[in-house]
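Hello,

The structure you asked about is below, for your files. My notes come after it.

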Amino acid sequence: MNQLKAAILLLGFLYHNANGDCGCNKLERDASDATQTKSVEQPAQQVCQQQGRNKNKHYRDYYPEAEPEIAGMSLIPGGSVNIGTDEPHFEADREAPERVVKIKDFYVDKFEVSNANFAKFVEATNYTTEAERFGDSFLFKTMLSPAQQAELEDYRVANALWWYKVSGVSWRRPNGIASNLQGLEQHPVVHVSWRDAVAYCAWAGKRLPSEAEWEVACRGGKQRKLFPWGNKLMPQDKHWLNIWQGEFPDGNTAQDGYLFTCPVDEFRQNVYDLYNMVGNVWEWTSDLWQAGDTSESPNRVKKGGSYLCHKSYCYRYRCAARSQNTEDSSASNLGFRCAKDA
């Protein structure tokens, strides 16, 4: 029996090494039920040093002085812009080809939506997230003790065995059933589905960005660059984002200062005054993964990668990178930010 389990683990590892992802795009509730359908109770400043806002000349000079400002949002210039890449790292993700799209000016949140702001929404609307209604969400293995991992062994996600479906986890208890939001008020809200994100945006008088808008905002006016700030991962030998350091999936050294999420205002990444566009948590967009998908819970595009990404395994913390989850999916590394028409 032990040899069988070892073989299953090895096959799962080889599968994901070949496909280059951490498995978080496999966190579909129906897919997880194929492995196990029963439920159990679980036992109990590194800010980027870029130019100051008042030095962002090409950004500020684009607009007349009368252009309105919206607190906590940046105005992104539209036009005909390049998105995608002709040098894809994951062809199956349809990163290619590079193409020109035309977008209008729009606003985008400078920060990912925080726990504090999501709590205001819940208090005002009495909203219940899908994870709370389902009674569970997905946690990465490093958030569970060895004893908890052993107890929940049968509740791992098929083909992504370091992800566990855990009862009682939600945005209120983001790091496990015994966790809470104390000290995490300014961290990004997680365990929110695409539908949860849409509901928050509507309450705030905003919307989710399209994939094209998100990528244009991420690029910060630059062309054909890997990251919002350029092509070097660590200019001046400094950390500019929250990702995995060390050996995946067991050895995160947290050299950037964070094992899990970081505050939403920690890493300023481009001249549009945007933070954590790449790294920290994946961000929902409004786009369908497959155009015309009319299924009950279609896949939606997510962008930006997360604190679980590493170049050797899941090199998706690039502006052109993309992945997907079903609308009802939620996990400990999945959040969002809002956009608004200009």
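The notes cover strand β4 and its neighbours, then an open sheet, then the largest cavity.

Please keep in mind that this is a predicted model.

Strand β4 spans residues 106–109, and both of its faces are covered. Phe-106 and Val-108 are buried on one side, while Tyr-107 and Asp-109 are buried on the other. Strand β4 pairs with β1, residues 73–76, through four bridges, and the two run antiparallel. Within that pairing, Ile-76 has Phe-106 as its bridge partner. Strand β4 is also joined to β14, residues 339–341, by three bridges, again in antiparallel fashion. Here Tyr-107 lies opposite Lys-340 of β14. Two of the buried residues of β4, Phe-106 and Tyr-107, therefore turn up in these pairings, the former with Ile-76 and the latter with Lys-340.The open sheet has four strands, ordered β12-β11-β10-β13, with mixed pairing. Its edges are β12 (323–326) and β13 (334–335), each of which pairs on one side only. Strand β11, residues 299–303, runs antiparallel to β12 and is joined to it by four bridges. In that pair, Val-301 faces Gln-324 of β12.

What lines the largest cavity? The lining consists of Asn-115, Pro-174, Asn-175, Leu-184, His-187, Pro-188, Val-190, Thr-261 and Ser-332. By type, four of these residues are nonpolar, five are polar and none is charged. The space inside the largest cavity comes to about 50 Å³.

Regards

Methods
Residues are numbered from 1 along each chain as its sequence is written. This is a predicted model: local features need pLDDT of at least 70, side-chain atom pairs count only at pLDDT 80 or more; totals for chains, interfaces and linings use all residues. Side-chain values use heavy atoms; hydrogens and water are left out. Two strands pair if DSSP finds at least two bridges between them. On a 1 Å grid over the protein atoms alone, a cavity is a set of points where a 1.4 Å probe fits but cannot get out, and a pocket is an open set with protein on both sides within 12 Å along at least five of seven lines; lining residues have an atom within 4 Å of a point. Grid points are joined across faces, edges and corners, and a volume is the space filled by probe spheres set on the points. Ala, Val, Leu, Ile, Met, Phe, Trp, Tyr, Cys and Pro count as nonpolar, Asp, Glu, Lys and Arg as charged, and the others, Gly among them, as polar. Buried means under 20% relative accessible area, exposed over 50%, partly exposed in between (1.4 Å probe, protein chains only).
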